[in-house]
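Could you walk me through this model in the viewer? I would like to know what to select at each stop and what I will find there.

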Amino acid sequence: MTKRQRRRQRRRSGLRTLVLRGIGQSGAIQRLFLGEAMLLSLIGSTAGLLLGEATSRVLPHFAPVLRPGVPPWAAGAAVLVAVACGLLFGTAPARRAARLD
């Protein structure tokens, strides 16, 4: 993430925080940040799974010996772990944003 992107994200987050705090919804700030973290991790994990699936379908055309595959339980577990990591590492910024004045 570049410095300009961080600055833009911080400004946008500050605006949302200011609006929510202005209408008395300081608890919603933390939920908003955690929801955003969860959504980003869900989108990223889904994109990774789709890219991996596409690669596993194309790879046998170039190397017929290889037959890669991902069991459905592993794909589901990967998405759950990614969302859990997003929530875990999004908690501190969400708390920090909810406490800002």
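Start with the salt bridges: in this predicted model, the count comes to one. Select Glu53 and Arg57 and show their side chains, which meet in that salt bridge at 2.9 Å, N to O. Why do these two sit about one helical turn apart? Glu53 and Arg57 are both in helix H2 and are four residues apart, so about one helical turn separates them.

Now color this pair by accessibility. Glu53 counts as partly exposed because its relative accessible area is 32%, a value between the 20% and 50% cut-offs. Arg57 has a relative accessible area of 59% and is therefore exposed, as the cut-off for that class is over 50%.

Stay on helix H2, which covers residues 26-62, and select Leu39, Leu42 and Ile43. Turn on the surface here: these residues make a nonpolar patch of about 270 Å². Ile43, one of the three, has its place in H2.

For the last stop, go from the surface to the interior. Which residues form the largest nonpolar core? Select Ile29, Phe33, Ala94, Ala97 and Ala98, and you have its five residues on screen. Two elements, H2 and helix H3 (72-99), each give two or more residues to this core. H3 provides the largest share, with three residues. Each member of the core is buried, which means a relative accessible area under 20%. As a general backdrop to this stop, nonpolar side chains in soluble globular proteins tend to be buried together.

Technical notes
Residues are numbered from 1 along each chain as its sequence is written. This is a predicted model: local features need pLDDT of at least 70, side-chain atom pairs count only at pLDDT 80 or more; totals for chains, interfaces and linings use all residues. Side-chain values use heavy atoms; hydrogens and water are left out. Patches are made of residues with over 30% relative accessible area and no salt bridge: like charges are joined within 9 Å, nonpolar side chains (Val, Leu, Ile, Met, Phe, Trp, Tyr) within 5 Å. Accessible areas come from the Shrake-Rupley method with a 1.4 Å probe; for residues, only the protein chains shown count as cover. A salt bridge is a side-chain nitrogen of Lys or Arg within 4 Å of a carboxyl oxygen of Asp or Glu. Buried means under 20% relative accessible area, exposed over 50%, partly exposed in between (1.4 Å probe, protein chains only). A nonpolar core is a set of buried Ala, Val, Leu, Ile, Met, Phe, Trp, Tyr and Cys residues joined through side-chain atoms within 4.5 Å.
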